[in-house]
Amino acid sequence: MQVAPPTDPAVLPEGGEVISQGSVGKQIYRTFLENKLAILGLGFVIVITLFSFVGPLVYHTDQISTNLLNTNLAPGPGGPLGSDQNGYDILGRLMAGGQVSLEISFAVALVATTVGSLYGAIAGFFGGWLDTIMMRVVDIGLSVPLIFLFILMSTIFRPSKLLLIGLLAGLAWLGPARLIRGETLSLRTREYVQAVRAMGGGPRRIVVRHIIPNAIGTIVVNATFQVADAILILALLEYLGFSLPAPTATWGGMLSGGTTFLQDGYWWQVYPVLILIILAVVSFNFIGDALRDSLDVRLHKR
Amino acid sequence: MIGFIVRRIGQAIIVLLGLTLLVFVMEHLLPGNIARAIIGPRATGPEIAAFNRANDLDRSVLYQYAHYLNQLIHGNLGFSYTLNRSVWNVLKAEVPRDLLLVGTSIALAVLIAVPVGVSQAVKRNGLVDYAATSVSFLLYSMPSFALGLILIQVFAIQFAILPPEAPQSAGVLGLLAHPSGFVLPVATLTLSVYALFSRYMRSSAIDALAQDYIRTARAKGLPEHLVLWRHLVRNSLVPIATLVGLSLPAVFTFGLVVEQLFNFPGVGLQYFTSATQTDYPTMLGITLLVGVATVAGSLLADLAYAALDPRVRFS
């Protein structure tokens, strides 16, 4: 075997090579400095997280016992955003609902991305019949519209936080699995993977230490979009009646509860939570788009 | 090319088999058992045993799956005990109305997304581009039921110019006879689907705009509107074929919500009704139907892509 002559690093990037732009962390940092929308998105995600988790410490409300004397109050001195049909203070409920909705969405994104990435990397790395079988399983999963499955599940199970996370993640991992498998197909032919192989590195080491870290850009971008999607699907599930038992607050539950009073003009039960959902989803999308622009090596080449 | 088609169809058949297996497994995972779901919670042991024997439920699981597949091939999707009709009959009545709703909405969404996407690509970072991007982001980030409810609030309650409910006629022609009731459901579904398409449409038009054939067309002195129409729009339509095929699951999900929201008589609404009555045969039949439609959609999309784009060569 011939020893390759030392090459000038500046000449290296060609074909499918990655242009070195510093570590992933640095790239992400630079993205946020350059992209105004991403800053806006990140800023809002931080604000909304503080609002949901720190807010209740400052703004105390009772979100457990109903108060039937104070139902459907318009915004005023009693509560800055009024109250809902159970007498819960809306502002406080937005915080409590944010906690649950964000917790579930983050958990779904984390589980789905981890499982999906590993699954896709394994399928792509080993290839052959294992890949064929594993990817057909993904195809089958993607061919069942998930809402139909959820409604079926809702007639069988009683929803809990863990169950919701499991169900949502159980369907959300299919996307990253397919994505990372495609990425792995190109990564596994790279020299550094072959070098590890030549040095006797096992498949486990290659997948966990080399393929996954090199696909981290795609993985992080996908996780960002997963959070946004989870917030939306969660809201949809609540509307379809697959909701957490009372008195747990969620944004989706508040929105679908509020919409029944749309005709009565109780706007404060609909629009604040709707705007919050939209802003949260938009923010995560802004962050994801910006990250994709900076981490996607295919875009760098253009 | 022929090899690709054969392989792709083979893949679709495998996925379909997996789908039937999934539905079959779900049917057997149902709480209690099938007999209890059908003859009721007060059924006695001997009654359940008799039911199981009569319906081959005491045979091996493998036999039951083979039996189920055999029934499917003969068009027997099971029997709805709450509607007292075969599932096939139920679906036969619902599907044409769904095709009308979903078909109209997809067509409208494409008709809007293509010209908007092209004009966004041509004047990138212009006023139109920012406006269209903002609108599609807003639509995309809104739960689809909220979008429908806002449309109802504005057009049916505030201004009272459109009915808040879909026409309840049995046939497709009956639906068309009351076009005003059809407007809001179609508008909601169209906007949701448009939000899905528009983002891809813009980037695919931008990609197409950077191609050599656009430069060639401009260089030979073709007027700009002909460059756009003959070269850009036509070539941007190719990814739309794939996009429509791949977004079918999402479209069906939106469709389900729209049907529930506007009381639109279709498969989705039937699914809800069946869910409240724990009518599992109907629910599983519909799940299977939607799955088959999805698989067929992505198969057609791949074939259309290969047929439309002569550059695509499959090895």
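B:Asn263 lies in the loop that joins α12 to α13 (267-276) of chain B. This report describes a predicted model, and it starts from that loop before turning to chain B, to the contact between the chains, and to selected residues of chain A.

## The loop residue and the helix before it

The backbone of B:Asn263 has a positive phi of about 55°, although this residue is not a glycine. B:Asn263 comes directly after helix α12(B). Its relative accessible area is 29%, and B:Asn263 is therefore classed as partly exposed, since that class lies between 20% and 50%.

Helix α12 of chain B covers residues 248-262, which makes 15 residues. From its first C-alpha to its last, α12(B) reaches 20 Å, close to the 21 Å expected at 1.5 Å a residue. Is this helix largely enclosed or largely open? Of its 15 residues, 13 are buried, so α12(B) is largely enclosed by the rest of the structure.

A residue from another helix of chain B touches the region that follows. B:Glu94 belongs to helix α5 (residues 87-122) of chain B. Beyond its neighbours within four places in sequence, B:Glu94 is in contact with B:Pro265, B:Gly266, B:Val267 and B:Gln270. B:Glu94 has a relative accessible area of 9% and is buried, because the class takes in values under 20%.

## Chain B as a whole

Chain B contains 14 helices and 2 strands. Its C-alpha atoms fill a box of roughly 85 × 60 × 35 Å along the principal axes. Chain B has 315 residues, of which 47% count as buried.

How many of the contacts between residues at least 6 apart in sequence join residues at least 24 apart? In chain B the share is 70%.

The surface that chain B exposes amounts to about 15,400 Å², and carbon and sulfur atoms supply 66% of it. The side chains of chain B include 20 positive and 15 negative ones. The centres of these two sets lie 9 Å apart.

## The contact between the chains

The size of an interface is often given as the accessible area lost when the parts come together. Between chain A and chain B, the buried area is about 3,500 Å², with 78% of it from carbon and sulfur atoms. Three residues, A:Phe148, A:Leu152 and A:Tyr239, supply 19% of the area that chain A buries against chain B, more than any other three residues. The contact involves 35 residues of chain A and 43 residues of chain B.

Helix α5 of chain A also packs against an element of chain B. This helix covers residues 128-142 and has 15 residues. The distance from its first C-alpha to its last is 21 Å, close to the 21 Å expected at 1.5 Å a residue. Its buried residues include A:Asp131, A:Met134, A:Met135 and A:Val138. An α-helix has 3.6 residues a turn, so residues three or four places apart point the same way. The buried residues of α5(A) pack against α4 and α8 (174-187) of chain A, together with α1 (2-29) of chain B.

## Selected residues of chain A

The table gives the relative accessible area of three residues of chain A.

| Residue | Relative accessible area | Class |
|---|---|---|
| A:Arg93 | 7% | buried |
| A:His210 | 19% | buried |
| A:Ile233 | 23% | partly exposed |

A:Arg93 is part of helix α4 (residues 90-126) of chain A. Apart from neighbours within four places in sequence, A:Arg93 is in contact with seven-odd partners listed here by name: A:Gln63, A:Asp84, A:Tyr88, A:Pro247, A:Thr248, A:Ala249 and A:Met254.A:His210 is found in helix α10 (residues 203-214) of chain A. Not counting residues up to four places away in sequence, A:His210 touches A:Tyr192, A:Val196 and A:Arg205. A:His210 and A:Gly120 are 90 residues apart in sequence, and their C-alpha atoms are 14 Å apart in space.

A:Ile233 is in helix α11 (residues 216-239) of chain A. With residues up to four places away in sequence left out, A:Ile233 touches A:Leu146, A:Phe150 and A:Leu168. A:Gly253 is 20 residues from A:Ile233 along the chain, and 12 Å separates their C-alpha atoms.

Conventions: Residues numbered from 1 in each chain as written. Chains lettered and ligands numbered in written order. Predicted model: local features only at pLDDT ≥ 70, side-chain atom pairs only at ≥ 80, totals over all residues. Heavy atoms only, no water. Helix = DSSP H or I, 4+ residues; strand = E, 2+ residues; numbered from the N terminus. Buried < 20%, exposed > 50% of the residue type's maximum accessible area, 1.4 Å probe, protein only. Contact = heavy atoms within 4.5 Å. Expected span 1.5 Å × (residues − 1). Areas by Shrake-Rupley, 256 points an atom, 1.4 Å probe, with all protein chains shown as cover. Lys, Arg positive; Asp, Glu negative; His and termini not counted. Charge placed at Lys NZ, Arg CZ, Asp CG, Glu CD. Buried area = accessible area lost by both parts, 1.4 Å probe.
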